[in-house]
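Reader: Could you take me closely through a single part of this model, and then follow the thread outward from there? I'd enjoy one connected answer rather than a list.

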Amino acid sequence: MNSDPLIERMRPFGTTIFSEMSALAVRTGAVNLGQGFPDTDGPPEMLAAAAQALADGANQYPPLPGIPVLRRAITEHEQRFWGLTRDPDTEVVVTAGATEAIAATILALCEPGDEVVCFEPYYDSYAASITLAGAVRRPVTLRPEPDGRYRFDEAELRAAFGPRTRLVLLNSPHNPTGKVFTPDELALIAGLCQEYDTYAVTDEVYEHLVFGVPHTPLATLPGMRERTLRISSAGKTFSCTGWKVGWATGPARLVSAVLRVKQFLTFVNASPLQPAVAVALGLPDSYFSGFTAGLRANRDRLVAGLTEAGFGVLPPEGTYFVTADIRPLGGTDGVEFCRELPGRCGVVAVPTQVFYDHREAGRHLIRFAFCKRPEVVDEAVERLRKLAPGVPRGQ
Ligand SMILES: *Cc1c(COP(=O)(O)O)cnc(C)c1O
């Protein structure tokens, strides 16, 4: 027998870069702006509701698609913010975070050999889920332009579609670039989905994190509702990434396909957390605008700090990440640069080349997360100053 018990197609997937960089942060005492998790708790109403649910005995298997109260809250939230009307009984499924929703969707919709169009750099679970399904990814590269916005080439997108295309996997607002796809870009994608009769799966976990530009769910474009599964999660919006409560919404026949797979992956998810997420989704608009405003202030401070330190900064329109070009600081390879960064100035970032199939396109780019307390962002900015040309080392 082969000495490696792991199936061959999963062997290229090593442990993630996050583990290596977070370990480095712990070892060196660096400020960790690598992994994207907040360092404060979510809304107190939500936390209290979870504690109450535990005490009240919500501790056994909930229904397969999620508890009715949460499914209703998900549809009301979608109606309130995006004008999408859905049936909470047939058009919603609660999942173990957005991650399970993505995996279950791809496993439910893709036959081996089917193709998935996605945009690179991509969230790391996409490639693994596509591979587990035996499907093939067709990445379209997002490239930073001189104005600081990431764009894709229309011809490259068209060329990625073909007779085996089964679905488009779109993440907007986009991690790691911070790009928010424009209405024109979305219309182009929607047109191709219809021309090739494919599904669309949208990862909108950062739906509330846009800074002065509109977020438009692809499902709201003409002709898209019937072919789109929209995925989101409580983790980012309510600063509870460890809860892993996510969901997918879409037409009943698509949700039903996802349910078929999901019931054998996890069956159901965290019953006491479900009523709590329902409470959070129903919070007044001021919660959502306050959350965005706080992160926007963090973004502005980190973008200014990185610029001052000498990076080529690509200011994000959404999410809680900012990417930066290391070449103005003499760097050529992001992995090398990130390994040395804690020693040089006591800050951890992650190289984004690991999220590309065409690694060369992202070799010079690294990502910083700003979902941290303002004083932590300020401390990182202070430390990054040491990189600025003209500031003597050790000062
Ligand atoms: C964090 C993240 C996820 C995972 O969400 P969970 O709810 O924690 O599973 C999925 N997609 C993107 C783009 C993310 O940044």
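Author: Ile102 sits in helix 4; helices here are DSSP runs of H or I with at least four residues, strands are runs of E with at least two, and both are numbered from the N terminus. With a relative accessible area of 1%, Ile102 is buried. That word means under 20% relative accessible area, while exposed means over 50% and partly exposed lies in between, using a 1.4 Å probe and protein chains only. Please keep in mind that this is a predicted model, in which local features need pLDDT of at least 70, side-chain atom pairs count only at pLDDT 80 or more, and totals for chains, interfaces and linings use all residues. Residues are numbered from 1 along each chain as its sequence is written, and side-chain values use heavy atoms, with hydrogens and water left out.

What does Ile102 touch, leaving aside its neighbours within four places in sequence? Its contacts (heavy atoms within 4.5 Å) are Ser125, Tyr126, Asp203 and Ile231. Ser129 belongs in the picture too: its C-alpha is 7.5 Å from that of Ile102, although the two are 27 residues apart in sequence.

Helix 4, which spans residues 97-109, also gives the largest share of the shell around the ligand, 3 residues. In full, the residues around the ligand are Gly97, Ala98, Thr99, Tyr123, Asn171, Asn175, Asp203, Val205, Tyr206, Ser233, Lys236 and Lys244; to be near the ligand, a residue must have a heavy atom within 4 Å of it. Asp203, then, is listed in this shell and is also a contact of Ile102. By class, the shell holds 4 nonpolar, 5 polar and 3 charged residues. Here Ala, Val, Leu, Ile, Met, Phe, Trp, Tyr, Cys and Pro count as nonpolar, Asp, Glu, Lys and Arg as charged, and the others, Gly among them, as polar.

Three side chains can be paired with oxygen atoms of the ligand. Thr99 places a polar side-chain atom 2.6 Å from a ligand oxygen. For Ser233, an N or O atom of the side chain is 2.6 Å from an oxygen atom of the ligand, and for Asn175 the corresponding distance is 3.0 Å. On its own the ligand has 380 Å² of accessible area, and the protein covers 94% of that, with areas taken from the Shrake-Rupley method and a 1.4 Å probe.

Two cis peptide bonds come next. One joins Glu120 and Pro121, with omega about 0 degrees, and Pro121 is placed in the loop between strand 3 (115-120) and helix 5 (124-132). The other joins Ser172 and Pro173, with omega about -10 degrees; Pro173 lies in the loop between strand 7 (165-171) and helix 7.

Helix 7 (residues 183-195) contains Glu185, which is buried at a relative accessible area of 10%. Beyond neighbours within four places in sequence, Glu185 is in contact with Arg149, Arg151, Phe152, Lys179 and Val180. The loop between helix 7 and strand 8 (199-203) holds Asp197. Phi of Asp197 is near 50 degrees, a positive value in a residue other than glycine, and Asp197 is exposed, with a relative accessible area of 59%.

Arg151, one of the contacts of Glu185, leads us to the salt bridges. How many does a search of the whole structure find? There are 32, each one a side-chain nitrogen of Lys or Arg within 4 Å of a carboxyl oxygen of Asp or Glu. Arg151 forms one with Asp147, the closest N and O atoms being 3.0 Å apart, and Arg151 is partly exposed at 27%.

Arg301 and Asp378 form another, with their closest N and O atoms 2.7 Å apart. Arg301 lies in helix 11 (residues 285-309) and Asp378 in helix 13 (residues 374-384), so this pair ties together parts that are 77 residues apart in sequence. Arg301 is partly exposed at 31% relative accessibility, and Asp378 is partly exposed at 35%.

Asp325 and Arg327 also meet in a salt bridge, 2.8 Å from N to O. Here Asp325 counts as buried at 14% relative accessibility, whereas Arg327 is partly exposed at 48%. Finally, Glu78, Arg86, Glu204, Glu207 and Arg230 are joined into one network by salt bridges that share partners.

Methods:
A polar contact is a pair of N or O atoms within 3.5 Å; within protein, one must be able to donate a hydrogen and the other to accept it, and residues adjacent in sequence count only if both atoms are side-chain atoms.
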